[in-house]
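These are my notebook entries on one chain. I set down here what I looked up, entry by entry.

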Amino acid sequence: MNEINLACVVEDDPVHLFLTKQVISLSGMVKQTVVCQNGKDAYDMLISRISSSETLPDLILLDLNMPVWDGWQFLDEITAMSLDQKITIYIVTSSSNEDDMRRAEKYNLSDNYIVKPITLEKLKEIIYAMN
């Protein structure tokens, strides 16, 4: 079955958050979704789940331009961590700037770079590829 247990949406924009959650719901392929408002919230959520031995997200849909910690700061921190579970990360951003796309290569995410909004077809493609 092509399904994941937990997805995390890291997004501060309420409109894009609503649309992304709708796409996730319509896919029928995600059992549970957690939302973080910025990179720091997402990092703190991961640390909390690790320290309490909770399941980590299988998939993180990460915005880049957010307050507190942006997506790049989150990526800097998470790539420095040693995780027992593989987490698939997709950058989902409004930026089509080539500098951002090149910067994503630093995190091996150049193929995991989506200019908003994420579509139902793209989400299904991602989840099929994860299973």
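I began with a definition: two strands pair if DSSP finds at least two bridges between them. The model I examined is a predicted one.

**Entry 1: strands 1 and 2**

I looked up the partner of Ile-4 and found that its bridge partner in strand 2 is Val-30. I then followed the chain from strand 1 to strand 2 and noted that it passes through helix 1, residues 14–27, in a right-handed β-α-β crossover. Strand 1 covers residues 4–10 and strand 2 covers residues 30–36; I recorded 6 bridges between them, in the parallel sense.

**Entry 2: the cysteines**

How many disulfides are there? I counted 0 disulfides. For Cys-8, the nearest cysteine sulfur belongs to Cys-36, 3.9 Å away, and Cys-8 is in no disulfide. I noted the reason: a disulfide requires sulfur atoms within 2.5 Å, so the 3.9 Å between the sulfurs of Cys-36 and Cys-8 is too far for a bond. I also looked up the accessibility of each residue. Cys-8 is buried, at a relative accessible area of 0%, and Cys-36 is buried as well, at 4%.

**Entry 3: aromatic pairs**

I searched the whole structure for aromatic pairs and obtained 2. In one pair, the ring centres of Tyr-43 and Trp-69 are 5.3 Å apart and the planes stand at 45 degrees, so I entered this pair as tilted. Tyr-43 belongs to helix 2 (residues 39–51), whereas Trp-69 sits in the loop between strand 3 (59–62) and helix 3 (71–79); the pair thus links parts of the chain 26 residues apart. I found both Tyr-43 and Trp-69 to be buried.

Is the pair of Trp-72 and Tyr-107 stacked or edge-to-face? I entered it as stacked, because the planes are at 25 degrees, with the ring centres 5.7 Å apart. Stacked rings have planes under 30 degrees apart. Trp-72 lies in helix 3 and Tyr-107 in the loop between helix 4 (98–105) and strand 5 (113–115), so this pair ties together parts 35 residues apart in sequence. Trp-72 is buried at 4% relative accessible area, and Tyr-107 is buried at 10%.

**Entry 4: Ser-95**

I located Ser-95 in the loop between strand 4 (88–93) and helix 4. Is Ser-95 buried or exposed? With 12% relative accessibility, Ser-95 counts as buried. Its side chain makes a polar contact of 2.5 Å with the side chain of Asp-100. A polar atom of the Ser-95 side chain also lies 3.2 Å from the backbone nitrogen of Asn-97. Setting aside neighbours within four places in sequence, I listed the contacts of Ser-95 as Asn-65, Asp-100, Tyr-113 and Val-115.

**Entry 5: backbone angles**

I checked the peptide bond between Lys-116 and Pro-117 and found it to be cis, with omega about -5 degrees. Pro-117 is in the loop between strand 5 and helix 5 (120–130).

I then looked up positive phi values in residues other than glycine. Val-68 has phi near 65 degrees. Val-68 is placed in the loop between strand 3 and helix 3, and it counts as exposed at 60% relative accessibility. Asn-108 has phi near 55 degrees. I placed Asn-108 in the loop between helix 4 and strand 5, where it is exposed with a relative accessible area of 69%.

Definitions and conventions
Residues numbered from 1 in each chain as written. Predicted model: local features only at pLDDT ≥ 70, side-chain atom pairs only at ≥ 80, totals over all residues. Heavy atoms only, no water. Buried < 20%, exposed > 50% of the residue type's maximum accessible area, 1.4 Å probe, protein only. Helix = DSSP H or I, 4+ residues; strand = E, 2+ residues; numbered from the N terminus. Right-handed = clockwise from strand over helix to strand, strands pointing away. Phe/Tyr/Trp six-rings, centres within 6.5 Å; stacked < 30°, edge-to-face > 60°. Polar contact = N/O pair within 3.5 Å; in protein donor to acceptor, adjacent residues only side chain to side chain. Contact = heavy atoms within 4.5 Å.
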